Amino acid sequence: MRRLSTFVAASVLAVIAVGIFAGSLFAQTSQGVYAACGPGQREIQASDLPEVVDQDRCPVGGREIVDGGVSAVVPGPGESVFAEAMSQRGDETLEVSNPAGDMLILGEVGSEAGAQEGSGTYTTQSSGPGACSDTYRNPWEPRLYHYLRYYFNRRSTPSYLSDLGVARAIKKAGNNVSRVRDSCGVPDRVPAVLKYRGVTRTSVNMDAGGTCRANDHKSVVGFGDLPVGYTGNTCIWSWIQDGPNRINSADVRLNEDDYRWTTRVTSSCRGRRDVESTMTHERGHTFGLGDVPESSHPNLTMSSRSNGSCQISERSLGKGDAIGLNEKY
Ligand SMILES: [Zn+2]
(Lines give C-alpha, C1' and ligand atoms only; values in the text may rest on other atoms or scores of the structure.)
Protein backbone atom coordinates (compact mmCIF):
# COMPACT_ATOMS: atom_id res chain seq x y z
CA MET A 1 0.00 0.00 0.00
CA ARG A 2 1.23 3.49 -0.78
CA ARG A 3 2.14 5.46 2.23
CA LEU A 4 1.63 9.18 2.51
CA SER A 5 2.79 11.54 5.18
CA THR A 6 -0.41 13.40 5.69
CA PHE A 7 0.11 15.44 8.79
CA VAL A 8 0.66 18.54 6.66
CA ALA A 9 -2.45 20.65 6.67
CA ALA A 10 -1.04 22.60 3.78
CA SER A 11 -0.64 19.48 1.71
CA VAL A 12 -4.14 18.17 2.29
CA LEU A 13 -5.33 19.27 -1.12
CA ALA A 14 -2.28 17.75 -2.75
CA VAL A 15 -2.90 14.50 -0.92
CA ILE A 16 -6.51 14.48 -2.04
CA ALA A 17 -5.32 15.02 -5.59
CA VAL A 18 -2.87 12.16 -5.27
CA GLY A 19 -5.65 10.06 -3.81
CA ILE A 20 -7.84 10.76 -6.81
CA PHE A 21 -5.07 9.84 -9.22
CA ALA A 22 -4.35 6.70 -7.27
CA GLY A 23 -7.96 5.72 -7.61
CA SER A 24 -8.47 5.84 -3.86
CA LEU A 25 -11.69 7.77 -4.05
CA PHE A 26 -13.08 5.45 -6.67
CA ALA A 27 -12.41 2.59 -4.29
CA GLN A 28 -15.19 3.96 -2.11
CA THR A 29 -17.72 2.80 -4.58
CA SER A 30 -16.73 -0.79 -3.86
CA GLN A 31 -18.99 -2.93 -1.74
CA GLY A 32 -16.09 -3.59 0.65
CA VAL A 33 -15.80 0.06 1.68
CA TYR A 34 -19.52 0.44 2.19
CA ALA A 35 -19.51 -2.70 4.31
CA ALA A 36 -16.62 -1.33 6.39
CA CYS A 37 -18.58 1.88 6.97
CA GLY A 38 -21.84 0.14 7.83
CA PRO A 39 -23.87 1.68 10.65
CA GLY A 40 -23.29 -1.24 13.02
CA GLN A 41 -19.49 -1.01 12.84
CA ARG A 42 -18.00 0.76 15.84
CA GLU A 43 -14.52 -0.24 14.69
CA ILE A 44 -13.38 0.13 11.10
CA GLN A 45 -10.24 -1.52 9.76
CA ALA A 46 -7.99 1.08 8.14
CA SER A 47 -7.01 -1.45 5.51
CA ASP A 48 -10.65 -1.60 4.37
CA LEU A 49 -10.67 2.13 3.65
CA PRO A 50 -8.98 4.24 0.98
CA GLU A 51 -6.31 6.71 2.08
CA VAL A 52 -8.75 9.55 1.55
CA VAL A 53 -12.23 8.83 2.84
CA ASP A 54 -15.29 10.82 1.74
CA GLN A 55 -17.17 11.21 5.03
CA ASP A 56 -20.41 12.03 3.26
CA ARG A 57 -20.41 8.49 1.92
CA CYS A 58 -18.65 6.87 4.83
CA PRO A 59 -19.66 8.55 8.13
CA VAL A 60 -16.74 7.71 10.37
CA GLY A 61 -17.25 10.39 13.05
CA GLY A 62 -16.98 9.02 16.60
CA ARG A 63 -15.84 5.61 15.44
CA GLU A 64 -12.51 3.85 15.83
CA ILE A 65 -10.04 3.34 13.03
CA VAL A 66 -7.98 0.19 13.65
CA ASP A 67 -4.63 -0.61 12.04
CA GLY A 68 -3.09 -3.77 13.44
CA GLY A 69 -2.22 -3.03 17.08
CA VAL A 70 -2.93 0.71 16.92
CA SER A 71 -6.27 2.45 16.85
CA ALA A 72 -7.84 5.85 17.38
CA VAL A 73 -11.26 7.43 17.56
CA VAL A 74 -11.66 9.77 14.60
CA PRO A 75 -10.65 13.25 15.83
CA GLY A 76 -12.90 16.26 15.53
CA PRO A 77 -12.90 18.53 12.46
CA GLY A 78 -9.65 20.45 12.14
CA GLU A 79 -7.72 17.92 14.19
CA SER A 80 -5.36 15.06 13.61
CA VAL A 81 -4.33 12.20 15.88
CA PHE A 82 -1.19 10.14 15.72
CA ALA A 83 -1.40 6.80 17.56
CA GLU A 84 1.73 4.82 18.34
CA ALA A 85 2.12 1.46 20.04
CA MET A 86 5.54 0.29 21.21
CA SER A 87 5.92 -3.40 20.72
CA GLN A 88 8.80 -5.78 21.03
CA ARG A 89 8.47 -6.45 17.31
CA GLY A 90 8.79 -2.75 16.52
CA ASP A 91 6.55 0.25 17.00
CA GLU A 92 3.27 0.50 15.10
CA THR A 93 1.75 3.77 13.98
CA LEU A 94 -1.43 5.24 12.54
CA GLU A 95 -2.37 8.80 11.73
CA VAL A 96 -5.92 9.97 11.23
CA SER A 97 -6.40 13.51 9.96
CA ASN A 98 -9.78 15.21 9.85
CA PRO A 99 -9.39 18.56 8.13
CA ALA A 100 -12.55 20.65 8.06
CA GLY A 101 -14.63 19.41 5.17
CA ASP A 102 -15.72 16.03 3.96
CA MET A 103 -12.41 14.22 3.74
CA LEU A 104 -10.71 12.01 6.31
CA ILE A 105 -7.09 11.16 5.56
CA LEU A 106 -5.34 8.04 6.83
CA GLY A 107 -1.57 7.78 7.06
CA GLU A 108 1.00 5.17 8.04
CA VAL A 109 -1.57 2.42 7.46
CA GLY A 110 0.08 -0.97 7.48
CA SER A 111 3.48 0.66 7.85
CA GLU A 112 4.41 -0.95 11.13
CA ALA A 113 8.13 -0.93 11.63
CA GLY A 114 8.07 -4.60 12.53
CA ALA A 115 6.15 -5.44 9.38
CA GLN A 116 8.57 -3.48 7.21
CA GLU A 117 11.51 -5.34 8.58
CA GLY A 118 9.96 -8.77 8.55
CA SER A 119 9.32 -10.88 11.57
CA GLY A 120 12.15 -12.50 13.41
CA THR A 121 14.88 -10.30 11.95
CA TYR A 122 16.31 -9.18 15.24
CA THR A 123 19.20 -6.83 14.87
CA THR A 124 21.92 -6.46 17.42
CA GLN A 125 23.00 -3.03 18.48
CA SER A 126 26.55 -3.78 17.41
CA SER A 127 25.52 -4.36 13.80
CA GLY A 128 24.39 -0.77 13.21
CA PRO A 129 26.21 2.54 13.25
CA GLY A 130 27.02 3.98 16.67
CA ALA A 131 24.61 6.48 18.22
CA CYS A 132 26.97 9.38 17.46
CA SER A 133 27.79 8.38 13.89
CA ASP A 134 24.19 7.87 12.78
CA THR A 135 22.55 11.10 11.54
CA TYR A 136 19.33 9.48 10.29
CA ARG A 137 16.05 11.06 11.41
CA ASN A 138 12.40 10.85 10.49
CA PRO A 139 10.65 14.13 11.36
CA TRP A 140 6.86 14.33 11.28
CA GLU A 141 5.13 17.47 10.18
CA PRO A 142 3.49 18.52 13.50
CA ARG A 143 5.48 20.13 16.23
CA LEU A 144 5.13 21.80 19.58
CA TYR A 145 4.74 25.54 19.66
CA HIS A 146 5.98 27.23 22.85
CA TYR A 147 5.03 24.63 25.45
CA LEU A 148 2.82 21.71 26.41
CA ARG A 149 1.43 21.28 29.92
CA TYR A 150 1.21 17.74 31.20
CA TYR A 151 0.19 15.76 34.29
CA PHE A 152 1.07 12.46 35.94
CA ASN A 153 -1.63 10.01 37.04
CA ARG A 154 0.05 9.06 40.28
CA ARG A 155 -2.60 6.56 41.34
CA SER A 156 -1.74 4.36 38.37
CA THR A 157 1.81 3.74 39.65
CA PRO A 158 2.53 0.05 40.34
CA SER A 159 2.87 -0.64 44.07
CA TYR A 160 6.52 -1.70 43.74
CA LEU A 161 7.56 1.75 42.47
CA SER A 162 7.71 5.08 44.27
CA ASP A 163 5.44 7.84 42.94
CA LEU A 164 8.19 10.37 43.38
CA GLY A 165 10.73 8.24 41.55
CA VAL A 166 8.38 7.77 38.61
CA ALA A 167 7.49 11.47 38.46
CA ARG A 168 11.18 12.30 38.43
CA ALA A 169 11.88 9.82 35.63
CA ILE A 170 8.99 11.18 33.55
CA LYS A 171 10.23 14.75 33.99
CA LYS A 172 13.79 13.81 33.15
CA ALA A 173 12.62 12.06 29.99
CA GLY A 174 10.84 15.24 28.85
CA ASN A 175 13.98 17.26 29.52
CA ASN A 176 16.15 14.75 27.67
CA VAL A 177 14.24 15.67 24.53
CA SER A 178 13.40 19.36 25.06
CA ARG A 179 17.01 20.08 26.09
CA VAL A 180 18.46 17.81 23.38
CA ARG A 181 20.53 15.74 25.80
CA ASP A 182 22.84 13.69 23.65
CA SER A 183 26.30 12.28 24.08
CA CYS A 184 27.43 13.53 20.68
CA GLY A 185 27.98 17.23 21.36
CA VAL A 186 24.93 18.42 19.41
CA PRO A 187 23.72 21.67 21.04
CA ASP A 188 20.15 22.36 22.19
CA ARG A 189 18.29 24.53 19.71
CA VAL A 190 14.77 23.50 20.72
CA PRO A 191 12.82 26.42 22.23
CA ALA A 192 9.66 24.40 22.97
CA VAL A 193 9.34 22.94 26.46
CA LEU A 194 7.18 20.55 28.45
CA LYS A 195 5.70 21.98 31.64
CA TYR A 196 4.97 19.49 34.38
CA ARG A 197 1.81 20.54 36.20
CA GLY A 198 1.69 17.87 38.89
CA VAL A 199 -0.49 14.88 39.60
CA THR A 200 -4.01 14.28 38.34
CA ARG A 201 -6.83 11.80 38.77
CA THR A 202 -7.60 12.06 35.07
CA SER A 203 -6.74 8.83 33.27
CA VAL A 204 -4.53 8.56 30.26
CA ASN A 205 -6.91 9.17 27.37
CA MET A 206 -7.02 5.68 25.92
CA ASP A 207 -8.97 2.54 26.63
CA ALA A 208 -7.60 -0.82 27.81
CA GLY A 209 -7.09 -1.80 24.19
CA GLY A 210 -4.77 1.17 23.75
CA THR A 211 -7.22 3.03 21.50
CA CYS A 212 -6.76 6.81 21.50
CA ARG A 213 -10.11 8.28 22.55
CA ALA A 214 -11.50 11.65 21.48
CA ASN A 215 -9.15 14.43 22.56
CA ASP A 216 -9.78 15.68 26.12
CA HIS A 217 -7.11 18.38 25.73
CA LYS A 218 -5.31 17.23 28.87
CA SER A 219 -1.92 15.61 28.48
CA VAL A 220 -1.49 12.76 30.97
CA VAL A 221 1.20 10.14 31.58
CA GLY A 222 0.45 7.02 33.58
CA PHE A 223 0.43 3.25 33.84
CA GLY A 224 -2.43 0.96 32.88
CA ASP A 225 -3.81 -1.81 30.75
CA LEU A 226 -2.58 -2.37 27.23
CA PRO A 227 -2.77 -5.42 25.00
CA VAL A 228 -0.11 -8.07 25.65
CA GLY A 229 3.06 -7.39 23.68
CA TYR A 230 2.81 -3.61 23.83
CA THR A 231 5.06 -1.89 26.34
CA GLY A 232 3.73 1.63 25.89
CA ASN A 233 1.27 3.57 23.78
CA THR A 234 1.12 7.24 22.92
CA CYS A 235 -1.57 9.44 21.40
CA ILE A 236 -0.70 12.85 19.98
CA TRP A 237 -3.35 15.29 18.83
CA SER A 238 -2.68 18.37 16.75
CA TRP A 239 -4.53 21.21 15.10
CA ILE A 240 -4.24 21.04 11.34
CA GLN A 241 -6.14 24.14 10.29
CA ASP A 242 -5.84 27.89 10.81
CA GLY A 243 -2.07 27.85 10.79
CA PRO A 244 0.78 25.37 11.03
CA ASN A 245 0.31 21.83 12.28
CA ARG A 246 0.57 22.24 16.06
CA ILE A 247 0.51 19.57 18.71
CA ASN A 248 -1.99 20.36 21.46
CA SER A 249 -2.13 17.22 23.56
CA ALA A 250 -0.01 14.10 24.14
CA ASP A 251 -0.83 11.13 26.38
CA VAL A 252 1.42 8.19 27.22
CA ARG A 253 0.49 4.93 28.93
CA LEU A 254 3.02 2.35 30.12
CA ASN A 255 1.81 -1.26 30.24
CA GLU A 256 1.53 -2.15 33.92
CA ASP A 257 0.02 -5.61 33.66
CA ASP A 258 2.44 -7.34 31.35
CA TYR A 259 5.78 -5.68 32.16
CA ARG A 260 7.80 -4.83 35.23
CA TRP A 261 9.29 -1.36 35.41
CA THR A 262 12.10 0.40 37.23
CA THR A 263 13.40 3.92 37.65
CA ARG A 264 16.88 2.77 38.69
CA VAL A 265 18.67 0.16 36.64
CA THR A 266 21.12 -1.65 38.91
CA SER A 267 23.11 -4.86 38.70
CA SER A 268 20.22 -6.68 40.37
CA CYS A 269 17.77 -5.65 37.62
CA ARG A 270 15.91 -8.65 36.25
CA GLY A 271 13.71 -8.10 33.22
CA ARG A 272 12.57 -4.63 34.22
CA ARG A 273 12.06 -1.83 31.74
CA ASP A 274 13.45 1.60 32.45
CA VAL A 275 10.74 4.25 32.78
CA GLU A 276 12.99 7.14 31.74
CA SER A 277 14.32 5.35 28.63
CA THR A 278 10.85 4.41 27.43
CA MET A 279 9.49 7.87 28.17
CA THR A 280 12.40 9.54 26.34
CA HIS A 281 11.46 7.66 23.17
CA GLU A 282 7.80 8.58 23.66
CA ARG A 283 8.72 12.23 24.25
CA GLY A 284 10.60 12.16 20.97
CA HIS A 285 7.18 11.52 19.44
CA THR A 286 5.65 14.30 21.56
CA PHE A 287 8.13 16.69 19.95
CA GLY A 288 7.30 15.39 16.47
CA LEU A 289 9.99 12.85 15.69
CA GLY A 290 8.95 9.62 14.02
CA ASP A 291 10.44 6.17 14.44
CA VAL A 292 13.49 5.19 12.43
CA PRO A 293 14.05 1.63 11.14
CA GLU A 294 15.49 -0.72 13.72
CA SER A 295 17.39 -2.79 11.18
CA SER A 296 19.62 0.06 10.01
CA HIS A 297 19.55 2.51 12.96
CA PRO A 298 19.34 0.38 16.11
CA ASN A 299 21.34 2.75 18.32
CA LEU A 300 19.17 5.83 17.92
CA THR A 301 16.63 6.54 20.67
CA MET A 302 13.93 6.85 18.01
CA SER A 303 14.69 3.40 16.60
CA SER A 304 11.48 1.47 16.38
CA ARG A 305 12.31 -1.15 18.97
CA SER A 306 13.59 -0.74 22.51
CA ASN A 307 17.05 -2.03 23.32
CA GLY A 308 15.34 -4.09 26.00
CA SER A 309 15.18 -4.38 29.76
CA CYS A 310 17.79 -3.50 32.39
CA GLN A 311 19.63 -0.89 30.30
CA ILE A 312 19.45 2.89 29.93
CA SER A 313 20.97 3.56 26.50
CA GLU A 314 17.82 5.25 25.21
CA ARG A 315 17.85 7.91 27.93
CA SER A 316 20.46 9.74 25.86
CA LEU A 317 19.68 10.88 22.33
CA GLY A 318 21.72 9.77 19.36
CA LYS A 319 23.06 12.17 16.76
CA GLY A 320 20.16 11.70 14.33
CA ASP A 321 17.63 12.20 17.12
CA ALA A 322 19.34 15.43 18.22
CA ILE A 323 19.81 16.83 14.71
CA GLY A 324 16.25 15.89 13.85
CA LEU A 325 14.94 17.89 16.81
CA ASN A 326 17.06 20.96 16.05
CA GLU A 327 15.99 20.92 12.41
CA LYS A 328 12.34 20.94 13.36
CA TYR A 329 12.59 23.88 15.77
ZN1 LIG B 1 8.07 4.98 18.57
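Let's start with one side chain in this predicted model: Tyr196, which is partly exposed, with a relative accessible area of 23%. Its partner is Tyr150, and the two rings form a tilted aromatic pair, 5.4 Å centre to centre with 50° between the planes. Tyr150 sits in strand β8 (residues 147–152) and Tyr196 in strand β9 (residues 193–199), so the pair links parts of the chain that are 46 residues apart. Unlike the partly exposed Tyr196, Tyr150 is buried, at 2% relative accessible area. Tyr150 has another neighbour too: the charged end of Arg283 sits over its ring, 4.7 Å from the centre.

Now turn to a second pair. Phe287 and Tyr329 meet edge-to-face, with 6.0 Å between centres and 65° between planes. Phe287 belongs to the loop between α5 (275–286) and α6 (319–328), while Tyr329 lies in the segment after α6, so this pair ties together parts 42 residues apart in sequence. Phe287 is buried, with a relative accessible area of 0%, and Tyr329 also counts as buried, at 17%. These two pairs are among the four aromatic pairs in the count.

Arginine and tyrosine come together at another place as well: the charged end of Arg260 lies over the ring of Tyr160, 4.0 Å from its centre.

Stepping back to the whole chain, you will find six helices and 14 strands. Of the 329 residues, 56% are buried. Among contacts between residues at least 6 apart in sequence, 66% join residues at least 24 apart. The accessible surface comes to about 13,400 Å², and carbon and sulfur atoms account for 49% of that area.

Conventions: Residues numbered from 1 in each chain as written. Predicted model: local features only at pLDDT ≥ 70, side-chain atom pairs only at ≥ 80, totals over all residues. Heavy atoms only, no water. Helix = DSSP H or I, 4+ residues; strand = E, 2+ residues; numbered from the N terminus. Buried < 20%, exposed > 50% of the residue type's maximum accessible area, 1.4 Å probe, protein only. Contact = heavy atoms within 4.5 Å. Areas by Shrake-Rupley, 256 points an atom, 1.4 Å probe, with all protein chains shown as cover. Phe/Tyr/Trp six-rings, centres within 6.5 Å; stacked < 30°, edge-to-face > 60°. Lys NZ or Arg CZ within 6 Å of the ring centre and 35° of its normal.
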